[in-house]
Amino acid sequence: MQHLLRNKIKYFFVLIILLPAAVQEAALAGTVDFRSQIAPILAMRCLPCHDGKFMMGLYNLTDRRTAFQPGASGPRIVPGYPDKSPLFLNPGSTHKSVISMPPVGNRLTNPELAILRRWIVQGAAWPEGQTGVLSRNGD
């Protein structure tokens, strides 16, 4: 009986440990939705410095038109190619005077980076008009 109880306890702890990974994997499956998955990441992690008022690197991420405007070194979002998209590459790289992006607050988590990568691979669909406008307070 005690052996059976130990097995149930082990099984329970395995579920507790693996469940978050399964939830993360489910979040990464299927088509990435801009409004529910990408917009919150950009609003929370990127807009504090790229909101149109305070634009580090002269990059404005408040809407589709400005987000897709090329910078001095070319396009910042290259649909289909995350490894050519500074929007994906910069959060994990270093800048001249900044260790990593974002320079303040928490860095993008691995699941957030994975979702951002999948979004770009899937074509970086960003709604036009008011639906695609981002703000720091999530409106």
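## A walk through the helices and their core

Let's start with one residue: Phe34 is buried, with just 4% relative accessible area. Keep an eye on that ring, and keep in mind that what you have on screen is a predicted model.

Now zoom out for a moment. The protein has five helices and zero strands, so if you follow the chain from the N terminus, the elements read α-α-α-α-α. There are 139 residues in the protein, and buried ones make up 33% of them. As for the outside, the accessible surface is about 9100 Å², and carbon and sulfur atoms account for 62% of that. How does the chain meet itself? Take the contacts between residues at least 6 apart in sequence: 58% of them join residues at least 24 apart.

Let's go inside. The largest nonpolar core has 24 residues, and the members that touch the most others are Ile77, Trp119 and Trp126. Which elements give two or more residues to this core? They are helix 2 (34-46), helix 4 (86-89) and helix 5 (110-121). Helix 2 provides the largest share, with seven residues.

Back to Phe34, which brings us to the aromatic rings. The structure holds four aromatic pairs. One of them joins Phe34 and Trp119: their ring centres are 5.9 Å apart and their planes meet at 40°, a tilted arrangement. On the chain, these two partners are 85 residues apart, with Phe34 in helix 2 and Trp119 in helix 5. Both Phe34 and Trp119 are buried. Phe34 also pairs with Trp126, where the centres are 4.7 Å apart and the planes sit at 35°, so this pair is tilted too. Because Phe34 belongs to helix 2 and Trp126 to the segment after helix 5, this pair ties together parts that are 92 residues apart in sequence. Trp126 is buried, at 3% relative accessible area. Add Phe68, and you have one aromatic cluster made of Phe34, Phe68, Trp119 and Trp126.

Trp119 is worth a longer stop. Leaving out residues up to four places away in sequence, what does Trp119 touch? The list is Val32, Phe34, Ile38, Ile77, Leu87, Ala124, Ala125 and Trp126.

You'll spot Ile77 in that list, so let's hop over there. Ile77 lies in the loop between helix 3 and helix 4. Is Ile77 buried or exposed? Its relative accessibility is 4%, and anything under 20% counts as buried, so Ile77 is buried. Setting aside residues up to four places away, Ile77 touches Tyr59, Ala67, Phe68, Ser85, Leu87, Trp119, Ala124 and Trp126. Two members of the aromatic cluster you just met, Trp119 and Trp126, are among those contacts. You can also look at the backbone here: the C-alpha atoms of Ile77 and Ile120 are 7.5 Å apart, although 43 residues separate the two along the chain.

Next, return to helix 2, where you'll find Ile41. Ile41 is buried, with a relative accessible area of 6%. Apart from neighbours within four places in sequence, Ile41 is in contact with Cys46, Leu108, Glu112 and Ile115. The C-alpha atoms of Ile41 and Thr109 are separated by 9.8 Å, while along the chain the two are 68 residues apart.

One of those contacts, Cys46, raises a question: how many disulfides does the structure hold? The count is zero. Why does Cys46 not form one? The closest cysteine sulfur, in Cys49, is 9.1 Å from the sulfur of Cys46, and that is too far for a bond, because a disulfide needs the two sulfur atoms within 2.5 Å. Seen from the other side, Cys49 is in no disulfide either, and its nearest cysteine sulfur is that of Cys46. Both cysteines are tucked away from the surface in the sense used here: Cys46 is buried at 12% relative accessible area, and Cys49 is buried at 10%.

Our last stop is His50, in the loop between helix 2 and helix 3 (64-67). His50 counts as buried, with 11% relative accessibility. Where does its side chain reach? It goes to the backbone oxygen of Tyr59, at 3.0 Å. You've seen Tyr59 before, as one of the residues that Ile77 touches.

Methods
Residues numbered from 1 in each chain as written. Predicted model: local features only at pLDDT ≥ 70, side-chain atom pairs only at ≥ 80, totals over all residues. Heavy atoms only, no water. Core = buried A, V, L, I, M, F, W, Y, C linked by side-chain atoms within 4.5 Å. Buried < 20%, exposed > 50% of the residue type's maximum accessible area, 1.4 Å probe, protein only. Helix = DSSP H or I, 4+ residues; strand = E, 2+ residues; numbered from the N terminus. Contact = heavy atoms within 4.5 Å. Areas by Shrake-Rupley, 256 points an atom, 1.4 Å probe, with all protein chains shown as cover. Polar contact = N/O pair within 3.5 Å; in protein donor to acceptor, adjacent residues only side chain to side chain. Phe/Tyr/Trp six-rings, centres within 6.5 Å; stacked < 30°, edge-to-face > 60°.
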